[in-house]
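Q: Walk me through this one, please, starting with the charged side chains and how they pair up. After that, I'd like a close look at one strand and what surrounds it.

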Amino acid sequence: MVLKSKDLLGLKDLTAEEIEHILDTAKAMKYVITSNNKRTPHLQGKSIVTLFYENSTRTRLSFELASKYMSASSANINSSASSVAKGESLIDTGKTIDMMGTDVIIIRHPQSGAPHLLAKHVKASVINAGDGMNEHPTQALLDMFTIREKKGTLRGLKVAIIGDIYHSRVARSNIWGLTRMGAEVSLAGPATLLPPKMEMLGVKIYSTVHEALINADVIISLRMQLERQKKALFPSIREYSRFFGLDENRLRLAKKDVLIMHPGPINRGVELTSAVADHEHSVINEQVTNGVAVRMALLYLLTRRGINETAD
């Protein structure tokens, strides 16, 4: 099976079968990461470029390691140290990278839709590593991989996503992916941080964290994205933590074997306490490992298209 598109721009357009195939491939890739010899020839002769217009630690490094683990030639471009700083457009930058024989361009951009625009103008496969407040598909895929690894399935699970939903591209990708895979998704956060009409996406909206957490199988706590907020949308950080932060008392509302997740970086004492972040049911650190596996899987699948175009 091959992915239908040459690009991975979001989960909105992926089928359940494609998501399942990515997760299955990531399972095989995780064996490489956890082995003593972290090197395979899967991407030998392929070239990967990361083009980041926003800061990143986990996403960027995991893509770079994924490339190296599979023997690809990789390079990274920081917009502040490139011709972008001289006024070069995204399309011209993309065409320049494309003409150097690049197979995959991984882009993070503050504007929603930027990866989609780039993909239309290059032959290389484009992977969306986060675009504005739109989507962050690889984060959602690693979240789903982590949940499936621990729970055995995604279907029928109750997943509570808590926090700054409005500004979260992670939340949007998780909503698309989790609902497509049969999970029940609940959202909770300050009213000012809940986008209108979210119910149309097949999720449940709660005004309090307590309601959303009852019998939850999985909790995904989101970072408060102050850098994207143009005006104060809640009284204070202290007030937010008091009413929407995750602590051990609130954790008791969920199932005893609940998974605790966070896309990182964590603001300890804001979205969740240290006791919750370091809880025995926290898989936050495992999410990082799984992020490399998922990104290895995507790089492999997208660069196999030309070889297996006629595959089932």
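A: Let's start with Arg268, which comes out as partly exposed, at 44% relative accessibility. Keep in mind that this is a predicted model. Arg268 has a salt-bridge partner in Asp278, with 3.1 Å between the closest N and O atoms. Both ends sit in loops: Asp278 is in the one between α10 (274-277) and α11 (284-303), Arg268 in the one between β9 (259-261) and α10, so the pair ties together parts that are 10 residues apart in sequence. Asp278 counts as exposed, with 54% relative accessibility.

Why would such side chains pair up at all? Opposite charges can pair when the charged atoms come close. Searching the whole structure turns up 11 salt bridges, and a couple of the others are worth a look.

Take Lys30 and Glu149, whose side chains meet in a salt bridge at 2.9 Å, N to O. Lys30 belongs to helix α1 (residues 16-33) and Glu149 to helix α5 (residues 137-151), so this pair ties together parts that are 119 residues apart in sequence. The two ends aren't covered alike: Lys30 is buried because its relative accessible area is 15%, under the 20% limit, whereas Glu149, at 38%, counts as partly exposed. There's also a network of salt bridges linking Glu20, Asp24 and Arg148.

Then there's Arg169 with Glu54, a salt bridge of 3.1 Å, N to O. Here too distant parts of the chain are linked: Arg169 is in helix α6 (residues 169-180), Glu54 is in the loop between β1 and α2 (58-69), and the two are 115 residues apart. Both partners are buried this time: Arg169 has 7% relative accessibility, and Glu54 has a relative accessible area of 18%.

Glu54's loop brings us to the strand itself, β1, which spans residues 47-52. How many of the residues of β1 are buried? The count is 6 of the 6, so the strand is largely enclosed by the rest of the structure. You can follow that face by face: Ser47, Val49 and Leu51 are buried on one side, and Ile48, Thr50 and Phe52 are buried on the other, which leaves both faces covered.

As for its strand neighbours, β1 runs parallel to β2 (residues 73-78), and 6 bridges join the two. Ser47, for instance, has Ser73 as its bridge partner in β2. To get from β1 to β2 the chain passes through α2, and this β-α-β crossover is right-handed. β1 also pairs with β3 (residues 104-109), again in parallel, with 5 bridges joining them. In that pairing, Ile48 stands opposite Val104 of β3.

Now zoom in on Thr50, one of the residues of β1. Thr50 is buried because its relative accessible area is just 3%, where the cut-off is 20%. Which residues does Thr50 touch, leaving aside its neighbours within four places in sequence? The contacts are Arg60, Phe63, Glu64, Ala75, Asn76, Ile77 and Ile106. Put those next to the element ranges and you get a nice picture: Arg60, Phe63 and Glu64 fall inside α2 (58-69), Ala75, Asn76 and Ile77 fall inside β2 (residues 73-78), and Ile106 falls inside β3 (residues 104-109).

Terms used: Residues numbered from 1 in each chain as written. Predicted model: local features only at pLDDT ≥ 70, side-chain atom pairs only at ≥ 80, totals over all residues. Heavy atoms only, no water. Helix = DSSP H or I, 4+ residues; strand = E, 2+ residues; numbered from the N terminus. Buried < 20%, exposed > 50% of the residue type's maximum accessible area, 1.4 Å probe, protein only. Contact = heavy atoms within 4.5 Å. Salt bridge = Lys/Arg side-chain N within 4 Å of Asp/Glu carboxyl O. Pairing = 2+ DSSP bridges. Right-handed = clockwise from strand over helix to strand, strands pointing away.
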